[in-house]
Structures are given as structure tokens and as C-alpha cells.
Amino acid sequence: MTIRNLPQPDVTLFLDRAGVIRRAALSTSFPDEGLDAWVGRHWSETVEPGGGESLRQLVEDAAVSGVSAFRQVTQRFPSGRALPIEYTAVRLGGQAGLVAIGRSLQAVTELQSRLVEAQQTMERDYWKLREVETRYRLLFRSSTDAVLLLRASTLGIVEANPVAAAALGLTPPVTAAGQEFLAALLPAERDALQAMLNRVAEQGQAPGVLLQLGTPRVAWMVRASLLSSESGAVYLLQLSPTEAVAGVAEARVTLARTLPLEELLERLPDGFAITDRLGLIQRANQGCLDLLQMPTESSVIHETLGRWLGHPGADLTVLMANVQRLGAVRMFATVLHGELGTETDVEISAAGNRETDPEFVVVLIRAVGRRLSPPRHADRLSDRLGALTGQIGKHSLRTLVEETVGVVERYYIEEALEATRGNRTATAELLGLSRQSLYVKLNRYGLDTESARAAHGNAA
């Protein structure tokens, strides 16, 4: 079976059975990197803290079963460059050791970072609108002037602040909204108000009119402005009393008291943690310990949060980078791997103690497994490769390697077809294949056989 047209791995490592690097090679995507410094070192020593345990487990899996599952770590290159890499390893025959192949997740990380940034932009716009609306409500209700809104088409009251409601003789729980403003006027004053509103609609402004409102008919000077809104035009009426009206306001005193913050945070059902700028945990509540499946807070102090995230290194890098750049991150979706092997779909919100260059980051972790459906293609390749481990002893090593290559090749072709929405030309370009080679592989794996044959015939 030829594998000349398989996509080249970004990193290829030849290891002995103990996980020590004997040879290393990079693809042409890293022209300025040299890996001579890795030779003779244990593989786990070349990655960021928190990734060494994943690599040791990967080596053990490959040594026992022949093929390991995929694991993601943050690879530290000799030049100092750090990139998220996804590795798998295959055991070679005899005492030859293992070969590990890695694929760079930098493009995935950048895409995820852009997605988070776009999401945060939408969140900021939403909260800005909420802030504007809150200010409007506060000013509208706390104004000492009587203000009310009338729908231009019916002159029905849309909203009235407390002073305007009192002027109309309405007391809680009775509200002014929905009532007819003309019904509150004397019959002789209705034409005067209508004439003023017509002039405002035509010319944009008009002199005020004197109206008597309320049960004790108190004289108010009424001025109007025409405003546009999503639900239609409205009149803004400002009512000024012609006599000094003394109002007695009831003072509200808020007693300051010390809140039991530590106790409240400890009882919070969601995970709460404080990390430094590198993601090392400084504080964690019981909800966080439950999600991480760790017994005590002291067992996670100074451990990197990325150790338990779905993509070690990659997710934490994206999260911290966006907190550093944006100040806060909301609804960052990932998977949390518990210490006892459970996986939990979570959303993370985080914020720094400062807008720029925060020293500490507060992290809120919420389990959303019941709310989020699992990814449609989650662990598809891992499941397929895992099925091959049961064939050890039944087939030769060469046959097993060929079947493994076939499974990996089919998986990446399916992913490329999905990414290009079935466009054969774009799929071939994405995989670095000629169209004829792609059609051959589509026929081999039974992927859209009729379309592949037709396209192959046209190309011929």
C-alpha cells in the first residue's frame, strides 16, 4: 500500500521503549527550527508543565497496545517557541521502539481565539446596550420632572415616570401604561393638546399648552417632542407645574454590613478558582475540586489549570491570552478531564484583576453537559484506532500498520470533505493531493463512490 500522498506530519519522533528521543524531524512548515537538542532527552522534558504526564501515558499505551490515542500538549521547541501539538504513537517491530507523529494545532488555536474574540465583542456590545438601557431607566424614574411617553397613533400612554403618574392622580399599584391620556383631560383642553401635537409632527416644535391634571385640577405646562422608535413614533411630554409643589421624599438608608464572601464562594455549586497569569491555581472552592475530582484544595494549589482542560496547553493558552487582551472572557466552551477519568462539558468565564496585564485571573467553571449535546464526530478517530488493538496477534505487524494507515487516511479525507462541504477540488488541494489521487482514494474507501467515479471519468 502506498502512502506517498498522505499529508506530512509536522513533527516526527523516533523513541526508544522508555520514551527517550533518538531521532527527530520537522516538516517544511518549520524551516528555522532544529531539533538536535532533543536527541537523548526524555520526550516529556520537551513540553510545557502539565503535558509530561500525558506523554508518558501515550508512550505506555503505544508500548502495550501498539497504537496510542491522540493527545494534545504544548510543545516547547529548542528556539523557545511553544505550539500546541496533537500526537499519536505507533510501536515498531522488535526493539526498534516507537514512532510518534504530531500535527500542529496552531491553526485550530488561532481560529478558536478569533471565535472567542468575536464572541467577546458581541458580549461587550450586548452589555453596552444593557448599560444604556439601565441609565435611561434610572434617569427616567429618578427625574424630578414629570415625563411620559404617548404613542403617536393612538395617544395612549406608553410609559410614565412616578412624578407624571402622581400628576395624573394614579397611585401604585395602578400604572399609567396603556391608559388614554385624553381621558385624563378636560373636554375643553383636548383640542388644544391635539393642535400642539399636530404642529410638533409637522414642524418639529410647538409652544407648550396649559393643562389641568389630576383629581384636584392642578395646572401643568406641557411641552412635546416627537421621537422615533422601533415600535412606532412616540411623543415625549414634559410636564412642569405652574406652582411650587413641595414633596416630601422618604429617605432610604442602606445599612452596610460585612458579607461572608468566603463562605458564599465555598458553597457556590459552580467551580470557582483564582489563578496567576500563567494559569497556576492559587485558590479553588469545593465546586471546582468536585469537577477536577481532587480531594483537597492543597492538592491543586500551584498546579496548572490546563492539566485538566480538554486540550492541555492549547485551551489554557487561548483563555489566558484573551483575558490579557480583552480583560474578560465569557462562555468559553471546553471539556474538563477529571482526575478519575470522567469528562465534563463546561463553560468557563474568566476576568483579570486589572483591565490590562492582570496579575491574577478569577475563573468560573460551569458544567453544561446536560445542556450541550456532544460533538457529532467526537473521538471518532480514537474509536477506530482502538478497535485495531484487538487485532494484535491475529495479523502480522505489516498488516496492522497498513490498516492503521488506512484508518488515519480515511479519517482525514472525511474531515477534509466535511470542511469543504464536499468540494472535490478544494478537498484535494487541502490534502495536498491531485484530483486523480483523491478520486482513487474515494473509491478505495467507498466515500461517495458514484460521484467519485463520475468525476474521475470526467477528469480522464
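**Close-up 1. The hairpin of strand 4 and strand 5 in the predicted model.** Six residues lie between strand 4 and strand 5 in this hairpin. One residue of the turn, G94, has a positive phi of about 60°. The two strands are joined by seven bridges and pair in the antiparallel sense. Within this pairing, V90 is found opposite V99 of strand 5. Seven of the ten residues of strand 4 are buried, so the strand is mostly covered.

**Close-up 2. The hairpin of strand 3 and strand 4.** Strand 3 (71-76) and strand 4 (82-91) run antiparallel and share six bridges. Q75 has L83 in strand 4 as its bridge partner. Five residues separate the two strands, and G80 in the turn takes a positive phi of about 100°.

**Close-up 3. Helix 1 and the strands that cover its buried residues.** Helix 1 comprises 14 residues, 52-65. From its first C-alpha to its last, helix 1 reaches 20 Å, close to the 20 Å expected at 1.5 Å a residue. Its buried residues are G52, S54, L55, L58, V59 and A62. These residues lie on the same side of helix 1, because they cover an arc of only 160° around the axis. An α-helix has 3.6 residues a turn, so residues three or four places apart point the same way. The cover over the buried residues of helix 1 includes strand 1 (11-15), strand 3, strand 4 and strand 5 (98-104). Just after helix 1, G66 has a positive phi of about 100°.

**Close-up 4. The open sheet of five strands.** The strands are arranged in the order 7-6-10-9-8, with antiparallel pairing. Strand 7 (157-160) and strand 8 (209-213) each have a single partner strand and stand at the edges, so one side of each is left without a neighbour in the sheet. On average, neighbouring strands of this sheet are turned by 35° against each other, direction ignored. Strand 9 (residues 218-227) and strand 10 (residues 234-241) run antiparallel and are joined by eight bridges. R223 has Q238 in strand 10 as its bridge partner.

**Close-up 5. Helix 2 and helix 4 across strands of the open sheet.** Helix 2 (residues 106-142) lies across strand 6 (146-151) and strand 7. Its direction is at about 80° to strand 7. Helix 4 (residues 187-203) lies across strand 8, strand 9 and strand 10. Helix 4 runs at about 25° to strand 9.

Conventions. Residues are numbered from 1 along each chain as its sequence is written. This is a predicted model: local features need pLDDT of at least 70, side-chain atom pairs count only at pLDDT 80 or more; totals for chains, interfaces and linings use all residues. Side-chain values use heavy atoms; hydrogens and water are left out. Two strands pair if DSSP finds at least two bridges between them. Helices (H or I, at least four residues) and strands (E, at least two) are DSSP runs, numbered from the N terminus. Axes are lines fitted to C-alpha atoms, for helices over the stretch in contact, and angles run from 0 to 180 degrees between N-to-C directions. Contact means heavy atoms within 4.5 Å. The expected span of a helix is 1.5 Å times one less than its number of residues. Buried means under 20% relative accessible area, exposed over 50%, partly exposed in between (1.4 Å probe, protein chains only). The arc is that of the directions from the helix axis to the C-beta atoms.
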